[in-house]
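Trainee: Please take one part of this model and go through it closely. I would like a connected account rather than a list.

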Amino acid sequence: MPNVATVLREEISRLARKEVRQQVDPLKKSNAELRRTVAALKTEIADLNRSLKFLQKQEKRRLESPPEQESGKVIRFSPKWVRADRKRLDLSAKDYARLVGVSSLTIYNWEHGKSKPNAERLAAWAEIRGIGKREAQRRLELLSGEAG
């Protein structure tokens, strides 16, 4: 006949294992789900980092390339064109410079071929190059209103 203490110990041990299993199994499932989620997030982060590096390279290349207009044509620059456009709009170098966003001395240097506009100023000049006299006067009035 088995010892009552041994049977009792085995029963307590069995019930304890059962209770522990009931408590641990959901935690194991939750832990496995969290590990899968972390792995998926790591994969997503790696993909996003690759995309970011690609876009950074692409943007760097775009900034290093010559500026383009919306039509895809490269903006060409000539000192003669600056002077001709200024005369066409019937503006002084000072007013023309205000429209482009540079100093009048810069316009003088552009017209005489002593300097060339940087990419940002070239784009501003290209925008001004396409406007008419009325639009130029309207923009100058708006600029005067901001200054006053």
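**Helix α4 and its surroundings**

Mentor: Start from Ile107, which, apart from residues up to four places away in sequence, touches Val82, Arg86, Ala93, Tyr96, Ala97 and Val102. The model is a predicted one, and what follows should be read with that in mind.

Ile107 is among the residues with the most contacts inside the largest nonpolar core, a set of 18 residues; the others named for this are Leu91, Tyr96, Val100, Trp110, Trp125 and Ile128. At least two residues of this core come from each of α3 (93-100), α4 (104-111), α5 (119-129) and α6 (133-147). In soluble globular proteins, nonpolar side chains tend to be buried together.

Within α4, the buried residues are Ile107, Trp110 and Glu111. Their directions from the axis of α4 fall within an arc of 95°, so they line one face of the helix. An α-helix has 3.6 residues a turn, so residues three or four places apart point the same way. The buried residues of α4 pack against α2, α3 and α5.

Take the α2 side of that packing. The axes of α2 and α4 come within 7 Å and cross at roughly 125°. The two helices are therefore oblique to each other. On the α2 side the residues involved are Pro79, Val82, Arg83 and Arg86, and they meet Ile107, Trp110 and Glu111 of α4.

Glu111 deserves a separate look. Glu111 lies in helix α4 and has a relative accessible area of 11%, so this residue counts as buried. Leaving aside neighbours within four places in sequence, Glu111 is in contact with Pro79, Val82, Arg83 and Arg86. Two of these contacts include polar ones between side chains: Glu111 to Arg86 at 2.5 Å, and Glu111 to Arg83 at 3.4 Å. After α4 comes Gly113, with a positive phi near 75°.

Elsewhere in α2 there is another buried acidic residue, Asp85. Its relative accessibility is 5%, and it therefore counts as buried. The side chain of Asp85 makes a polar contact of 2.6 Å with the side chain of Arg88. Not counting residues up to four places away in sequence, Asp85 touches Tyr96, Ile128 and Arg129. Tyr96 is thus a contact of Asp85 and also a contact of Ile107. Between Asp85 and Ala97 the C-alpha to C-alpha distance is 12 Å, with 12 residues of separation in sequence.

Now the α3 side. The buried residues of α3 are Tyr96, Ala97, Leu99 and Val100. They cover an arc of only 155° around the axis, and therefore sit on the same side of α3. Tyr96 and Ala97 are among the residues that Ile107 touches. Just after α3, Gly101 has a positive phi of about 95°.

Before α3, the loop that joins α2 (79-88) to α3 contains Asp90. The phi of Asp90 is near 60°, a positive value in a residue other than glycine. Most residues other than glycine have a negative phi. Asp90 has a relative accessibility of 59% and so counts as exposed, whereas Asp85 is buried at 5%.

To return to the starting point: α4 turns Ile107, Trp110 and Glu111 to one face, and α2 meets these residues with Pro79, Val82, Arg83 and Arg86.

Notes:
Residues numbered from 1 in each chain as written. Predicted model: local features only at pLDDT ≥ 70, side-chain atom pairs only at ≥ 80, totals over all residues. Heavy atoms only, no water. Core = buried A, V, L, I, M, F, W, Y, C linked by side-chain atoms within 4.5 Å. Buried < 20%, exposed > 50% of the residue type's maximum accessible area, 1.4 Å probe, protein only. Helix = DSSP H or I, 4+ residues; strand = E, 2+ residues; numbered from the N terminus. Contact = heavy atoms within 4.5 Å. Polar contact = N/O pair within 3.5 Å; in protein donor to acceptor, adjacent residues only side chain to side chain. Arc of directions from axis to C-beta. Axes fitted to C-alpha atoms, helices over the stretch in contact; angles between N-to-C directions. Parallel < 35°, antiparallel > 145°, perpendicular 65-115°, else oblique.
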